Amino acid sequence: MNSIFKTSLIAAMFATSALAIAGNSHAGEPTSEPAPTPADTPAFAVEMKRGEVLQIIASELREGGGPAARTYGQTAFPIASSFGFQRLGQLNVRQNVISDFDPEVFSFFSWPDQASADAFAAHPDWPAIKATRPDAWSELKVYSLELQDDLSIQFDATKHYTVVVAWLNNENASDYDRYLTGIEPAVTRAGGRFVYKMRGPSMESHASPPAAPSQLTFVEWDSTDGFAEVQQSEEYLAFRQYFGSAVEKVEFYWLQTPQSTGQ
């Protein structure tokens with residue numbers, strides 16, 4: 001990465017404190033379920049077993065793409081669900097801090113195993129359905145990972161969330177873990193906690209370079225001021241260099257549950 005761009009990226013990265021639902025303007029992957037409301041779903045959980053496949057789908061609806069998204073969901077979801085595909089919940093994008101991609105949501109889905117996901121992909125109707133994605137979404141990124149361990153995440157409606165999607169360089173990739181481990185005490189003091197690190201997912205997309213990110217890192221915060229506190233910490237000042245040496249490209253978003261009311 002160009003050193004001037006990398007310096008600017010790091011400055012921007014830390015200068016802030018601050019298949020979804022068919023028929024929802026934040027549509028991602030298919031589901032026939034209605035959009036969640038505060039009365040229906042105060043938060044959501046991801047409870048999965050080793051060997052299941054987690055999909056996290058970030059979607060940017062095309063202007064006027066709502067009807068195509070609804071049709072996509074109505075045709076794809078019944079087939080996918082017959083292979084055990086389930087929608088778990090979504091986090092809405094509250095602020096795009098760093099990214100050329102501008103998704104509205106990060107949606108969470110599961111498959112019983114990789115064989116089920118592969119069987120769906122081999123369904124004779126799927127290629128034609130998948131080909132309609134560009135009619136609905138300017139971009140839709142599907143991050144998939146077969147779990148090597150059980151996974152339990154509780155998303156709280158009173159909390160705030162960040163996700164960093166990072167593409168690492170091969171030579172210094174280990175510096176990224178060094179950075180995250182180094183700043184973790186400061187994150188904890190500031191009311192934050194690492195809730196999930198999705199390492200080495202595959203990625204599908206129709207409008208982006210094909211290289212998959214190295215990691216998606218989700219952090220839960222008590223407030224949107226927590227990240228600014230981390231910036232001022234001794235740990236951050238000591239370890240930020242390792243972020244710079246590890247990262248080739250990054251996307252950074254603030255997220256919240258659809259009915260989050262925390263301050």
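Here are some exercises on this predicted model, each with a worked solution.

Residues are numbered from 1 along each chain as its sequence is written. Because the model is predicted, local features need pLDDT of at least 70 and side-chain atom pairs count only at pLDDT 80 or more, while totals for chains, interfaces and linings use all residues, and side-chain values use heavy atoms, with hydrogens and water left out.

**Exercise 1. Find out what helix α2 looks like and what it packs against.**

Step 1: Get the names straight. Helices (H or I, at least four residues) and strands (E, at least two) are DSSP runs, numbered from the N terminus.

Step 2: Check the length. Helix α2 covers residues 66-82, so that's 17 residues. The expected span is 1.5 Å times one less than the number of residues. For α2 that gives 24 Å, and the helix does reach 24 Å from its first C-alpha to its last.

Step 3: Look for a bend, meaning the angle between axes fitted to the seven residues ending at a residue and the seven starting there. You'll find a kink of about 30° at Ala-76, shortly before the proline Pro-78.

Step 4: Pick out the buried residues. Buried means under 20% relative accessible area, exposed means over 50%, and partly exposed is in between (1.4 Å probe, protein chains only). In α2 the buried ones include Ala-69, Tyr-72, Gly-73, Ala-76 and Phe-77. Here's a handy reminder: an α-helix has 3.6 residues a turn, so residues three or four places apart point the same way.

Step 5: See what those buried residues pack against (contact means heavy atoms within 4.5 Å). Among their neighbours are β2 (53-61), β4 (105-111), α3 (114-121) and β5 (137-146).

Step 6: Peek past the end. Just after α2, Gly-84 takes a positive phi of about 95°.

**Exercise 2. Work out the order of the strands in the sheet.**

Step 1: Recall the basics. Strands of a sheet pair through backbone hydrogen bonds, either parallel or antiparallel. Here, two strands count as paired if DSSP finds at least two bridges between them.

Step 2: Read off the order. Nine strands form an open sheet, β8-β10-β7-β11-β3-β4-β2-β5-β9, with antiparallel pairing. The edge strands, β8 (192-199) and β9 (202-204), each pair on one side only. From one strand to the next, the twist averages 25°.

Step 3: See what lies on the sheet. Helix α6 (residues 174-189) packs there, touching β7 (160-168), β8, β10 (215-221) and β11 (247-256). The direction of α6 makes about 160° with that of β8; axes are lines fitted to C-alpha atoms, for helices over the stretch in contact, and angles run from 0 to 180 degrees between N-to-C directions.

Step 4: Zoom in on β5. Nine bridges join β2 to β5; Val-53 is partnered with Glu-146 of β5, and Leu-61 stands opposite Trp-137 in β5. β5 also pairs with β9 over three bridges, where Val-142 has Glu-204 as its bridge partner. Eight of the 10 residues of β5 are buried, so this strand is largely enclosed by the rest of the structure.

**Exercise 3. Track down some salt bridges and say which parts of the chain they tie together.**

Step 1: Know what you're hunting. A salt bridge is a side-chain nitrogen of Lys or Arg within 4 Å of a carboxyl oxygen of Asp or Glu. The structure holds seven of them.

Step 2: Take Glu-251 and Lys-141, whose closest N and O atoms are 2.8 Å apart. Glu-251 sits in strand β11 and Lys-141 in strand β5, 110 residues apart. Glu-251 counts as buried at 3% relative accessibility, and Lys-141 is buried too, with a relative accessible area of 2%.

Step 3: Next come Lys-159 and Asp-222, at 2.6 Å from N to O. Lys-159 lies in the loop between β6 (151-155) and β7, and Asp-222 in the loop between β10 and α7 (226-231), so the pair ties together parts that are 63 residues apart in sequence. Asp-222 is partly exposed, at 39%.

Step 4: Finish with Arg-189 and Glu-235, at 2.8 Å from N to O. Arg-189 lies in helix α6 and Glu-235 in helix α8, so this pair ties together parts 46 residues apart in sequence. Arg-189 is exposed at 55%, whereas Glu-235 is buried at 18%.
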